[in-house]
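Please read the report below alongside the sequence and the structure, turning to each part of the chain as it is named.

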Amino acid sequence: MATEAEVRSALGEVLDPEYPISILDLGLVRGIEVEGDKVRVKLTFTSLGCPCVELIREDVRSRLRAIEGVHQVEIEEVFEPWDASAISRKGREILRSLGVC
């Protein structure tokens, strides 16, 4: 059985398609549950019309299924408002280095 730490680490490798920053550091991951061979991830997006939603979902599924013991991945899209305050310190540093913020 995978641990939440393993799942979190794997999600840290899923990058936003537009910037080289993980979905964790962007603050898009709103919850992680591990139950046996199933992992549930709650995701929000930067906007309702985000053009990268399906790319991100597929990357999450692919990366989590690569964890030993994970056979099912459920992604729940939550409509919690996202804003720049959700970005981690590491994420802000990456964005600053790119001249974004």
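The text that follows takes up two helices, then four individual residues, and then a pocket.

The coordinates come from a predicted model, and the description should be read with that in mind.

**Helix H3**

Helix H3 runs over residues 53-65 and has 13 residues. From its first C-alpha to its last it reaches 18 Å, which is close to the 18 Å expected at 1.5 Å a residue. The residues Val53, Ile56, Arg57, Val60, Arg61 and Leu64 of H3 are buried. Viewed down the axis of H3, these buried residues fall within an arc of 135 degrees, and they therefore line one face of the helix. As general background, an α-helix has 3.6 residues a turn, so residues three or four places apart point the same way. On the face of H3 turned away from the buried side, the exposed residues are Leu55 and Ser62. The cover over the buried residues of H3 includes two helices, H1 (4-11) and H2 (23-26), together with two strands, E2 (38-43) and E3 (72-77).

**Helix H1**

In helix H1 the buried residues are Val7, Ala10 and Leu11. Because they cover an arc of only 100 degrees around the axis, they lie on the same side of H1. Among the elements that cover the buried residues of H1 are H2, strand E1 (29-35), E2 and H3. H3 is thus part of the cover of H1, just as H1 is part of the cover of H3.

**Four residues in their surroundings**

The table sets out where each of four residues lies and how its relative accessibility is classed.

| Residue | Location | Relative accessibility | Class |
|---|---|---|---|
| Aspartate 25 | helix H2 | 14% | buried |
| Glycine 27 | loop between H2 and E1 | 9% | buried |
| Threonine 44 | loop between E2 and H3 | 2% | buried |
| Isoleucine 75 | strand E3 | 21% | partly exposed |

The contacts given here leave aside residues up to four places away in sequence. Aspartate 25 touches Ala86, Ile87, Ser88, Lys90 and Gly91. Glycine 27 is in contact with Thr44, Trp82 and Ala86, and its C-alpha atom is separated by 8.7 Å from that of aspartate 83, although the two residues are 56 residues apart along the chain. Ala86 therefore appears in the contacts of both aspartate 25 and glycine 27.

Threonine 44 touches Gly27, Leu28, Arg30, Val78, Glu80 and Trp82. Between the C-alpha atoms of threonine 44 and isoleucine 23, which are 21 residues apart along the chain, the separation is 9.7 Å.

Why does isoleucine 75 count as partly exposed? Its relative accessibility is 21%, and the class of partly exposed residues lies between the cut-offs of under 20% for buried and over 50% for exposed. Isoleucine 75 is in contact with Val41, Leu43, Arg57, Val60 and Arg61, and of these Arg57, Val60 and Arg61 are also among the buried residues of H3. From isoleucine 21, which is 54 residues away in sequence, isoleucine 75 is 20 Å apart in space, C-alpha to C-alpha.

**The largest pocket**

The largest pocket has a volume of about 180 Å³. Its lining is formed by Asp16, Glu18, Tyr19, Leu26, Thr46, Trp82, Ile87, Leu95, Val100 and Cys101. Sorted by class, that lining has seven nonpolar, one polar and two charged residues. Two of the names have come up before: Trp82 is a contact of both glycine 27 and threonine 44, while Ile87 is touched by aspartate 25.

How values were computed
Residues are numbered from 1 along each chain as its sequence is written. This is a predicted model: local features need pLDDT of at least 70, side-chain atom pairs count only at pLDDT 80 or more; totals for chains, interfaces and linings use all residues. Side-chain values use heavy atoms; hydrogens and water are left out. Helices (H or I, at least four residues) and strands (E, at least two) are DSSP runs, numbered from the N terminus. The expected span of a helix is 1.5 Å times one less than its number of residues. Buried means under 20% relative accessible area, exposed over 50%, partly exposed in between (1.4 Å probe, protein chains only). The arc is that of the directions from the helix axis to the C-beta atoms. Contact means heavy atoms within 4.5 Å. On a 1 Å grid over the protein atoms alone, a cavity is a set of points where a 1.4 Å probe fits but cannot get out, and a pocket is an open set with protein on both sides within 12 Å along at least five of seven lines; lining residues have an atom within 4 Å of a point. Grid points are joined across faces, edges and corners, and a volume is the space filled by probe spheres set on the points. Ala, Val, Leu, Ile, Met, Phe, Trp, Tyr, Cys and Pro count as nonpolar, Asp, Glu, Lys and Arg as charged, and the others, Gly among them, as polar.
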